[in-house]
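Visitor: I would like a close look at one residue, and then at how the rest of the fold is put together around the themes that it raises. Please give the cut-offs as you go.

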Amino acid sequence: VKAQLIARMQNGAYVERVSRFGNSARYLRLSADRLSLSYADTRPPHPPSASALKHITLTQLKNIEEGGRRGPTSFAILLADGNVWELQAPDRSSFILWCDGLRAALGQPLQTKESLQEVTLLTEIEMRAMEPTAPVVLPSTSGAAHMIVSNVATDSLNSVSGLVTEGHASSGAHTSSSPSPRQQHQQSQQHSGAVPIHSQITTTTTSHTPPPIPTSLPPALVSDAEPDW
């Protein structure tokens, strides 16, 4: 706020000088180095030439007083030598500019209610900008997406848990005495109710014994007759 007021004063503006002989226009402008106040008693609208300007250092300004006998936009500049400039701004905006603007240039606090309200508003905005950002509320469709992500995450955790469980089981099996492949095959057949292959072969061999070979031919097949060649 102070920086804006100082920048506007550096552009220069007209006010009215109040005296017992009547009012007259006075041009005021803050120097670019912010060390002096230039003024000239000329008529608007054009600013005076550089040669017509007079200068007074800010160290010669003692205080700024608001109000006066000329109305709510009147103010006075008290000088260190005891002189007083009684001035009147054309409007409220110009009144705030020169009263609080000169106070800002002198390092004094702002006093007009408009400037104080603007300072309070800017302070609140800065404080809100420093606060943590509130969580963003997603639309209702985000619930389904959240469920999908949750299910995927749960399945992933279950898969990892299963791998860990199998790893523990494998490590436990390696630490204990492992059965031979033949024993594993027999155990699997016992659980399934299947008969071992060697038992099937033995059973088949013993249950199908071939008949004995005859030592003599039947009588019907024996003949003493000479063959008929």
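Visitor: At what relative accessibility does Ile-125 count as partly exposed?

Guide: Ile-125 counts as partly exposed because its relative accessibility is 47%, where partly exposed is the range between buried, under 20% relative accessible area, and exposed, over 50%, with a 1.4 Å probe and protein chains only. This is a predicted model, in which local features need pLDDT of at least 70 and side-chain atom pairs count only at pLDDT 80 or more, while totals for chains, interfaces and linings use all residues. Residues are numbered from 1 along each chain as its sequence is written, and side-chain values use heavy atoms, with hydrogens and water left out.

Ile-125 belongs to helix H3, residues 113-130; helices (H or I, at least four residues) and strands (E, at least two) are DSSP runs numbered from the N terminus. Together with Leu-121 and Leu-122, Ile-125 forms a nonpolar patch on the surface, and the accessible area of the three is about 260 Å². Such patches take residues with over 30% relative accessible area and no salt bridge, joining like charges within 9 Å and nonpolar side chains (Val, Leu, Ile, Met, Phe, Trp, Tyr) within 5 Å; the areas are Shrake-Rupley values with a 1.4 Å probe, and for residues only the protein chains shown count as cover.

Helix H3 also takes part in a salt bridge (a side-chain nitrogen of Lys or Arg within 4 Å of a carboxyl oxygen of Asp or Glu), in which the side chains of Glu-114 and Arg-92 meet at 3.0 Å, N to O. Since Arg-92 lies in helix H2 (residues 92-106) and Glu-114 in H3, this pair ties together parts that are 22 residues apart in sequence. Both ends are partly exposed, Arg-92 with a relative accessible area of 33% and Glu-114 with 26%.

The structure holds 5 salt bridges, and a further one brings Arg-103 and Asp-100 to 2.8 Å, N to O. These two residues are 3 apart in helix H2, so about one helical turn separates them. Here the charged residues are covered: Arg-103 counts as buried at 1% relative accessibility, and Asp-100 is buried at 0%. Elsewhere, Asp-41 bridges to Arg-17 with the closest N and O atoms 3.7 Å apart, a link between distant parts of the chain, as Asp-41 sits in the loop between strand E3 (36-40) and strand E4 (54-57) and Arg-17 in strand E1 (residues 13-17), 24 residues away. Asp-41 is partly exposed at 44%, as is Arg-17 at 35%, and salt bridges link both of them with Arg-26 in a network. The loop between E3 and E4 also contains Pro-45, which a cis peptide bond joins to Pro-44, with omega about 15°.

Turning from the surface to the interior, the largest nonpolar core has 26 residues, and those touching the most other members are Leu-28, Leu-37, Phe-75, Ile-77, Trp-85, Trp-98 and Leu-102; a core here is a set of buried Ala, Val, Leu, Ile, Met, Phe, Trp, Tyr and Cys residues joined through side-chain atoms within 4.5 Å. At least two core residues come from each of helix H1 (2-9), strand E2 (24-30), E3, E5, strand E6 (74-79), strand E7 (84-88) and H2, with H2 giving the largest share, 7 residues. A second, separate core of 5 residues includes Ala-25, Tyr-27, Ala-40 and Leu-53. Leu-28 is in contact (heavy atoms within 4.5 Å) with residues including Val-15, Leu-37, Trp-85 and Trp-98, its neighbours within four places in sequence being left aside.

In helix H1, Leu-5, Ile-6 and Met-9 are buried, and they lie on the same side of H1 because they cover an arc of only 95° around the axis, taken from the directions from the helix axis to the C-beta atoms. The cover over the buried residues of H1 includes E2, H2 and H3, which returns us to the helix of Ile-125.

A last stop is strand E5 (residues 61-66), where Asn-63 is found. Asn-63 counts as partly exposed at 28% relative accessibility, and, not counting residues up to four places away, touches Ala-76, Ile-77, Leu-78 and Gln-108.
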